[in-house]
Each structure stands twice: as C-alpha cells, then as structure tokens.
Amino acid sequence: MKLHQLVRPDIYKDGKRPSFAAAYARAARRYGFESGRNAGFAKRNNVVVKVKGKHNKDTDHEVPAESIQNGTHPSSPSLEYVVPVQIGTPPVTLNLDFDTGSSDLWVWSSELGRRTRTNGHTIYDPTKSSTANKASGTWNISYGDGSSASGNVYTDNITVADLTVQAQAIELSQKLSASFLQDGSNDGLLGLAWPQINTVQPKPVATPVQNMITKKLISPAVFTAKLGRGSEAGFYSFGFIDTSVTPNPITYTPIDNSQGFWQVPSASWSLRGQTKQRSGNTAILDTGTTLLLVADDIVEDIYNSIEGATFDDQQGGFKFPSNATLPDISFAVGGTLYKVNPKDFAFGDAGEGFTFGGIQSRGDLDFDIFGDVFLKAVYVVFNQGEKTVGLAQRDD
C-alpha cells in the first residue's frame, strides 16, 4: 500500500495553524495579486505589502520575506504539513513540503556555504551517497519580496512511501535567502504540479510523479491527498486510491494544465443551501496555499450572512465573532458542490472574541485558489495520466 503519512512541524504538533497574516501574504507573493475590494495584502513593485484598509488601498507597509516564510516569527512556519522522503544510498530522511503549486524538488544540501547555519535541518550530501551523480543545469526560485533559493542539480535515488525512483533529478541549494534560512519547518520542497513550470535551466527536469509514471512504478498514474486537522495530519498516496477515506463517491473533472497547475472549472457555489452561478470561473487546487481565496462579491456575501462579521483593517482580512453560527458554504469543482468544513473556515484567533475566516478575497485574480481550507474537506485524486482530478466529500 503506497500511503505516505504526513507529519507536522513541531510547532504544529498540538494542531496549531500558521498565522493568518503569513498565510495571506504568502498567497499574495505566490500569485502576485492586487488588493481588489477586500484583500488585505497585495504584491506591488515586486514586494508584498499590507494595505491600509478596506476603504484605503494605499500601502501601509511592506511585509518582510521572513514574516511570509516563517509565519511572522522564526518559530512559526507558514506550512502546516511536511512529508518524510528518503534520498541517496545509504538514505537520509528529509522532511519536504509537498506542493501541488510547484514543480521543483529542491533540498537543503552540503552545497550551502560554510557560514550558512543549518541547525534543525537534515542536509543531503551527494558525496556521501554511492548513487549520486552530478547533472547539468542550474535552478533558481525567486520571489519579488527578495527571498530566493538557487543551486545546482544532481541525480540520485529517492524513496516516497514504498516507491523508489532511481536517478531522480534533485535540485541542491547552494544559496538560500534569509527567510528560507530562518524557516525550520522543512528541509526542502517536492513539487507535484505539471513539469513545464520546473525552474531548472537550460532544460526543465522531470518531476518525481512524472518519473513514477514513465518508469511504470505506479498504476493508475495518480497521486492522492488527504489533508488532516488537529493531531491527525493525513497522507499522500502514489498509484493507489484509498476508497476507505470516505463513503462518498469520487467525481472526476477534466483539468486545464496549460499554466502548469491543477486548474478546474468552478462555475457555482452555495450559501445556506442556495446555489449561485459563476459562469466561466475556474480554481487552482493548491496544497501550497493555506487559505481559500475567492472573488470579492462572494466574500462579501459570506460575511454579510454572519452576524457581527467585519473587516479588520489592521490585520487585513474578514473576521467574525467566535460564537457566531456559521452558514453552510460550498464550492463547485466541475458539476459537484463540496462543503467547506466549519472547523477549517474558523481559521484562527483574531483577538477580542473574534476568529479569522479561512475564506478571503483573491484580490484582482480572475481565478480562485482552493488551498488547505477547502482541501481538508475532501479526498483528492490527482490523475496525471488522464488529466483529471477526482474529489470526494469527507465526513470527518
């Protein structure tokens, strides 16, 4: 059985979550949106900024890269899950961020400068692996806020669950900006998006899932995700669909991978049992984004339906009284509506008896971002072979 358990960084062992500001700013950095009517954060002139308020979109301040990467404090990372992956011979185990919004596999490595502090991280050293080989190419992931990671490329064996991919291209970090250096929550990233957005130059390299398919290590050509909450972190699987997760049916929808993402039609949504149409709308399923980000009119409808809900100018998003009765909210993937779990909609403490909402504005984007707040409510089958995704509503 090819199930691969997720684990939480130590900061989240008791079910804590990333800070609201870090989660929102990270989405702004990744997708580069302007504030629109209701987004408290935006990307301007290649930096992420906090805007002054709902009715004043001037820049309040720049958000430091360290705050985005690490949840506003070095001990509070902005990622809620990591996955143990074995690399090399003999193997070393690195905790990697599995990210359906990226196509790079990069790791903390011995190639980093001697002055780089690697405390708390497991390091991959190709000179200590008998199966490592230097490959051609370099890679560079950079964000407008100044954070970046870059380096060279090796090939080596990696083991995910009980699957070993031989000669997988691995991007070794030689330089990491301060924000990455202060993030103690993971030892790198394993991208699960489509290969065309891999950053290796001059020629992109195959992702682990692509290699699993090409080398016929998995059949069907799928990976699946069950993201947990509280003390139960969930799992990923490769080549295996776990039908025991939920009794509800898995419904498949064709995806658009032209931008490298898992992008799906999402042409309706529901509030308090009333379905509303959203002609032509799409959404990206992104395990690397924490919040559920949708259009301004939908955000306004949701919070107008919650007594006492208000926009917090200082903190940059909508909040509601912690004792409020929350409405049923669902969003479509393909022709099926999936209900957001109220436990996930209630994102975190906003102070003074209020709770941050896990659904916020997508700014001026013309597509939604279905991050963990949505994905925790469903079991997802990412079918790379047939270019579809299958979703089933979870009851847990």
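The following paragraphs describe the overall make-up of a predicted model, and then selected sheets, one strand, a cavity and two loop residues.

The chain contains 7 helices and 29 strands. Of its 396 residues, 58% count as buried. Among the contacts in the chain with a separation of 6 or more, 67% are accounted for by residues 24 or more positions apart.

Two open sheets are considered in turn. In general, strands of a sheet pair through backbone hydrogen bonds, and the pairing is either parallel or antiparallel. One open sheet consists of 3 strands in the order E2-E3-E4, and its pairing is antiparallel. Its edge strands are E2 (41-44) and E4 (56-62), each of which pairs on one side only. From one strand to the next, the twist averages 50°. Strand E3, which covers residues 47-53, pairs with E4 in the antiparallel sense over 4 bridges. Within this pairing, Val49 has Glu62 of E4 as its bridge partner. The sheet also has a helix packed on it: helix H1 (residues 20-31) touches E2 and E3. The direction of H1 makes about 35° with that of E2.

A further open sheet has 4 strands, arranged in the order E20-E21-E25-E24 with antiparallel pairing. Strand E20 (310-312) and strand E24 (346-351) each have a single partner strand, so one side of each is left without a neighbour in the sheet. On average, and with direction ignored, neighbouring strands of this sheet are turned by 45° against each other. Strands E21 (residues 317-321) and E25 (residues 354-357) are joined in the antiparallel sense over 3 bridges. The bridge partner of Lys319 in E25 is Phe356.

Strand E28 (residues 378-383) was examined for burial as well as for pairing. In this strand 6 of the 6 residues are buried, so E28 is largely enclosed by the rest of the structure. As a general rule, side chains in a regular strand alternate between the two faces of the sheet. In E28, Val378, Val380 and Phe382 point one way, whereas Tyr379, Val381 and Asn383 point the other way, and all are buried. Strand E12 (residues 222-229) pairs with E28 in the antiparallel sense over 4 bridges. The bridge partner of Thr224 in E28 is Val381. Strand E29 (residues 388-393) likewise pairs with E28 in the antiparallel sense, over 6 bridges. Here Val380 has Leu391 of E29 as its bridge partner. E28 and E29 form a hairpin with 4 residues between them. In the turn of this hairpin, Lys387 has a positive phi of about 55°.

Enclosed space within the model was also analysed. A search of the whole structure finds 4 cavities of 30 Å³ or more. The second largest cavity has a volume of about 40 Å³. Residues that line this second largest cavity include Ser103, Asp104, Leu105, Gln168, Ala169 and Glu171. Also among the lining residues are Gly191, Asn198, Val205, Ala206, Thr207 and Pro208. Strand E10 (residues 163-176) contributes 3 residues, the largest share of the lining. By residue class, the lining divides into 5 nonpolar, 5 polar and 2 charged residues.

Two loop residues complete the description. Ser102 lies in the loop between strand E6 (92-99) and E7. The relative accessibility of Ser102 is 12%, and residues under 20% are classed as buried, so Ser102 counts as buried. Leaving aside neighbours within four places in sequence, Ser102 is in contact with Leu189, Gly191, Leu192 and Ala193. One of these contacts, Gly191, is also listed in the lining of the second largest cavity.

Thr122 is placed in the loop between strand E7 (105-107) and strand E8 (133-142). With a relative accessible area of 31%, Thr122 falls between the 20% limit for buried residues and the 50% limit for exposed ones, and is therefore partly exposed. Not counting residues up to four places away in sequence, Thr122 touches Thr93, Leu94, Trp108 and Asp187. Thr122 and Leu94 are 28 residues apart along the chain, and their C-alpha atoms are separated by 5.8 Å.

Conventions:
Residues numbered from 1 in each chain as written. Predicted model: local features only at pLDDT ≥ 70, side-chain atom pairs only at ≥ 80, totals over all residues. Heavy atoms only, no water. Buried < 20%, exposed > 50% of the residue type's maximum accessible area, 1.4 Å probe, protein only. Contact = heavy atoms within 4.5 Å. Pairing = 2+ DSSP bridges. Axes fitted to C-alpha atoms, helices over the stretch in contact; angles between N-to-C directions. 1 Å grid on protein atoms, 1.4 Å probe; cavity = no way out; pocket = protein on both sides within 12 Å on 5 of 7 lines; lining within 4 Å. Points joined across faces, edges and corners; volume = space filled by probe spheres on them. Nonpolar A, V, L, I, M, F, W, Y, C, P; charged D, E, K, R; others polar.
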